[in-house]
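Q: Could we go through this model together, beginning with the overall picture and then moving to the details?

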Amino acid sequence: MAMDVVDYEIKGAEMQFVEVELDPGEAAIGEAGSMMFMDAGIGMDTVFGDGSAQQGGFFGKLLGAGKRLVTGESLFTTVYTNQSHGKQRVAFAAPYPGKILPMDLGKLGGTLICQKDAFLCAARGVSLGIALQQRLSTGFFGGEGFIMQKLDGDGLAFVHAGGTVVRRTLQPGQTLLVDTGCVVAYTPSVNFEIQFVGKIKTALFGGEGLFLAKMTGPGEVWLQSLPFSRLASRVFAAAPQRGGSREEGSVLGGFATGGLLGGLLGGDDE
């Protein structure tokens with residue numbers, strides 16, 4: 001399928017969204033639940049798969065949906081088509097604090113490998129597939145999963161990363177060691193492996209996990225400072241663990257309101 005050439009504008013700082021401008025007849029595909037708003041001239045259509053294999057019959061649709069299911073995504077995507085005679089806009093919002101990265105697949109060699117939850121939206125024609133790690137050790141100990149997403153095409157795709165994002169260009173033979181959860185995306189020319197941190201004491205008490213991602217150039221690598229798994233673990237650790245409510249504020253405030261006041265009220269009931 002021919003790629004649609006779309007214009008876009010990324011707005012916001014910590015909680016960003018991307019506003020895509022569509023000419024008449026152009027379309028964008030988005031993850032289910034990612035749409036923020038759209039102009040009245042845009043029509044929505046939920047499709048089976050990624051929307052790029054609609055000319056391939058039922059088997060093509062089933063294969064596209066199966067790939068998305070394996071990567072943990074929904075079986076369906078939504079296609080937003082400009083059905084009017086003028087320019088129309090549709091916006092897609094990031095799911096958590098971070099940055100939205102515009103990826104021009106045509107300038108990246110036509111393929112980009114990214115974390116399975118990184119894809120946000122794309123121009124119609126971009127194909128969403130799966131990228132299996134070639135080494136079993138990478139699959140077993142990679143931390144973020146054996147299966148990653150593969151974006152194919154020569155159009156624009158937008159991926160989301162947590163926190164601050166840094167792009168590193170690796171020269172041939174240059175190696176970068178990264179926390180496995182901090183890898184957002186990389187070009188296929190980068191060799192991705194998993195290696196042990198080296199020392200048992202560091203592995204057990206260093207707080208960085210047992211394994212690191214070893215990325216060897218040449219190629220491009222995008223890294224995030226706040227993986228969603230790290231954010232979720234911090235939120236879980238701060239949540240109440242024994243039921244009831246957890247008061248915000250200082251220790252003194254919590255003691256005064258929860259302990260002293262509760263004791264006084266309890267004494268009045270006796």
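A: What follows is a short conversation about the fold, the core and the strand pairings.

Q: Before we start, what kind of model is this?

A: This is a predicted model, in which local features need pLDDT of at least 70 and side-chain atom pairs count only at pLDDT 80 or more, while totals for chains, interfaces and linings use all residues. Residues are numbered from 1 along each chain as its sequence is written, and side-chain values use heavy atoms, with hydrogens and water left out.

Q: OK, how many helices and strands does the protein chain have?

A: The protein chain has five helices and 19 strands, where helices (H or I, at least four residues) and strands (E, at least two) are DSSP runs numbered from the N terminus.

Q: And how much of the chain is buried?

A: Buried residues make up 41% of the 270 residues, with buried meaning under 20% relative accessible area, exposed over 50% and partly exposed in between (1.4 Å probe, protein chains only). The accessible surface of the protein chain comes to about 14,300 Å², of which 58% belongs to carbon and sulfur atoms; these areas come from the Shrake-Rupley method with a 1.4 Å probe, and for residues only the protein chains shown count as cover.

Q: What share of the contacts is between residues 24 or more positions apart?

A: Such residues account for 77% of the contacts in the protein chain with a separation of 6 or more, a contact being heavy atoms within 4.5 Å.

Q: Let's go inside. Which residues touch the most other members of the largest nonpolar core?

A: They are Met103, Leu112, Leu151, Val159 and Trp222, in a core of 22 residues. A nonpolar core here is a set of buried Ala, Val, Leu, Ile, Met, Phe, Trp, Tyr and Cys residues joined through side-chain atoms within 4.5 Å. Two or more residues each come from strand E3 (27–30), strand E8 (98–104), strand E9 (111–114), strand E10 (119–123), strand E13 (156–162) and strand E16 (183–186), and E13 gives the most, with three residues.

Q: What is Leu151 in contact with, beyond its sequence neighbours?

A: Leaving aside its neighbours within four places in sequence, Leu151 is in contact with residues including Leu105, Leu112, Phe119, Val126, Leu128 and Val159. Leu151 is in E12, where Leu112 stands opposite it, and E9 is joined to strand E12 (residues 147–152) by four bridges, the two strands running antiparallel; strands count as paired if DSSP finds at least two bridges between them.

Q: Which other strand pairs with E12?

A: Strand E11 (residues 127–132) does, in the antiparallel sense over six bridges, and the bridge partner of Leu132 in E12 is Ile147.

Q: Switching topic, which strands form the open sheet?

A: Four strands form it, in the order E1-E2-E7-E4, with antiparallel pairing. Strand E1 (7–11) and strand E4 (35–38) stand at the edges with a single partner strand each, so one side of each is left without a neighbour in the sheet. The twist averages 20° from one strand to the next, taken from axes that are lines fitted to C-alpha atoms (for helices over the stretch in contact), with angles from 0 to 180 degrees between N-to-C directions.

Q: And what about the middle of it, E2 and E7?

A: Strand E2 (residues 17–22) and strand E7 (residues 88–93) pair in the antiparallel sense over six bridges, and Phe17 has Ala93 in E7 as its bridge partner.

Q: How many aromatic pairs are there?

A: The count comes to four, where rings of Phe, Tyr and Trp (its six-membered ring) pair if their centres lie within 6.5 Å, and planes under 30 degrees apart count as stacked, over 60 as edge-to-face and the rest as tilted. One of them is the edge-to-face pair of Phe17 and Phe37, 6.2 Å centre to centre with 70° between the planes. Phe17 lies in strand E2 and Phe37 in strand E4, so the pair ties together parts that are 20 residues apart in sequence.

Q: Are those two rings' residues buried or exposed, or in between?

A: Phe17 counts as buried at 17% relative accessibility, whereas Phe37, at 32%, counts as partly exposed.

Q: Last one, where is the cis peptide bond around Pro218?

A: The bond from Gly217 to Pro218 is cis, with omega near 20°, and Pro218 lies in the loop between strand E18 (211–216) and strand E19 (219–224).
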